[in-house]
Amino acid sequence: MKSKEENLPNSSSENVPKDSFDSYGTTLNAEQLLPKLSESQLQQLSPTALAYLGDAVYELYIRRYYLLPPQRVENYHRLVVAQVRAEKQAQMLNLLSQYLNNNELEIVRRGRNAATGRPKRVDPHTYQQATSLETLIGYLYLTNTERLSELLQKLIME
């Protein structure tokens with residue numbers, strides 16, 4: 001008779017750690033799969049890495065927001081792209097600024113300073129602002145999802 005781990009799909013794969021499944025073969029919840037990072041691990045992350053994560057989190061949030069009512073995929077795409085453009089992100093950061101605490105403002109500053117390079121279609125200031133928002137979202141996603149939700153809710157209300 002095979003063990004539970006042998007019956008699991010991909011259990012021999014190196015991409016799926018064996019401890020991703022509980023003793024019944026079901027997947028673990030998000031907190032178990034994505035444990036909080038330690039303070040030293042957070043300190044190792046560059047603002048660019050936080051912005052990289054924040055970009056994905058923000059787009060996922062916007063996609064979720066437009067999911068209902070059901071629409072054609074082309075409509076979803078059009079709506080989401082309009083919200084995740086650098087110009088719109090810069091505008092969203094300006095709306096949120098009044099609600100940010102000193103620590104969050106410091107994260108925004110670090111994100112702005114990390115935005116180097118030449119953006120292709122927007123002016124550098126707008127690109128810096130968009131990167132700042134993404135950095136803040138990435139940081140809050142890793143450290144305080146409740147605060148992240150609070151700030152994202154403020155964007156909906158604006």
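Let me start with Thr135, which, once residues up to four places away in sequence are set aside, touches Pro47, Leu50, Ala51, Ile107 and Gly111, where contact means heavy atoms within 4.5 Å. Thr135 is found in helix H8, and helices here are DSSP runs of H or I with at least four residues, strands being runs of E with at least two, numbered from the N terminus. With a relative accessible area of 1%, Thr135 is buried; buried means under 20% relative accessible area, exposed means over 50%, and partly exposed is in between, with a 1.4 Å probe and protein chains only.

Before going further, I should say that this is a predicted model, in which local features need pLDDT of at least 70 and side-chain atom pairs count only at pLDDT 80 or more, while totals for chains, interfaces and linings use all residues. Residues are numbered from 1 along each chain as its sequence is written, and side-chain values use heavy atoms, with hydrogens and water left out.

Now the overall picture. The secondary structure of the protein comes to 9 helices and 0 strands, and buried residues make up 32% of its 158 residues. If we take the contacts between residues at least 6 apart in sequence, 62% of them join residues at least 24 apart.

Staying with helix H8, what does Ala130 touch beyond its neighbours within four places in sequence? Ala130 is in contact with Ala86, Gln89 and Ala90, and the C-alpha atoms of Ala130 and Ala90, which are 40 residues apart along the chain, are separated by 4.7 Å. Ala130 is found in H8, and at 3% relative accessibility it counts as buried.

Tyr127 is also a residue of helix H8, but at 30% relative accessibility Tyr127 counts as partly exposed. Its C-alpha atom is separated by 6.0 Å from that of Ala86, and these two residues are 41 residues apart along the chain. Leaving aside neighbours within four places in sequence, the contacts of Tyr127 are Ala115, Thr116, Pro119 and Val122.

Let me turn to the largest nonpolar core, by which I mean a set of buried Ala, Val, Leu, Ile, Met, Phe, Trp, Tyr and Cys residues joined through side-chain atoms within 4.5 Å. Of the 26 residues in this core, Tyr58, Ile62, Leu136, Ile137 and Leu152 touch the most other members. At least two residues each are supplied by H4, helix H5 (73–84), helix H6 (86–96), helix H7 (102–114), helix H8 (124–143) and H9, and H8 gives the most, with 6 residues.

Next come the helix pairs. Two packed helices are described by the angle between their axes and the distance between the axes. The axes are lines fitted to C-alpha atoms, for helices over the stretch in contact, and the angles run from 0 to 180 degrees between N-to-C directions.

Helix H4 (residues 47–65) and helix H9 (residues 145–157) have axes that come within 12 Å and cross at roughly 55 degrees. That makes H4 oblique to H9, since angles under 35 degrees count as roughly parallel, over 145 as roughly antiparallel, 65 to 115 as roughly perpendicular, and the rest as oblique. On the H4 side, Val57, Tyr58, Tyr61 and Tyr65 meet Leu148, Leu152, Gln153, Leu155 and Ile156 in H9.

For the second pair, H5 and H6 pack at an angle of about 55 degrees, with their axes 5 Å apart, and these two helices are therefore oblique to each other. Ala82, Gln83 and Val84 of H5 make this contact with Ala86, Lys88 and Gln89 of H6.

Gln83 deserves a separate word: it is placed in helix H5, and at 17% relative accessibility it counts as buried. Setting aside residues up to four places away in sequence, Gln83 touches Tyr58, Ile62, Tyr66, Lys88 and Gln89. Ile62, for its part, is in contact with Val80, Gln83 and Val84 when its neighbours within four places in sequence are left out.

I will end with the backbone, and with the question of where Pro69 lies. Pro69 lies in the loop between H4 and H5, and the peptide bond leading from Leu68 to Pro69 is cis, with omega near 0 degrees. In general, most peptide bonds are trans.
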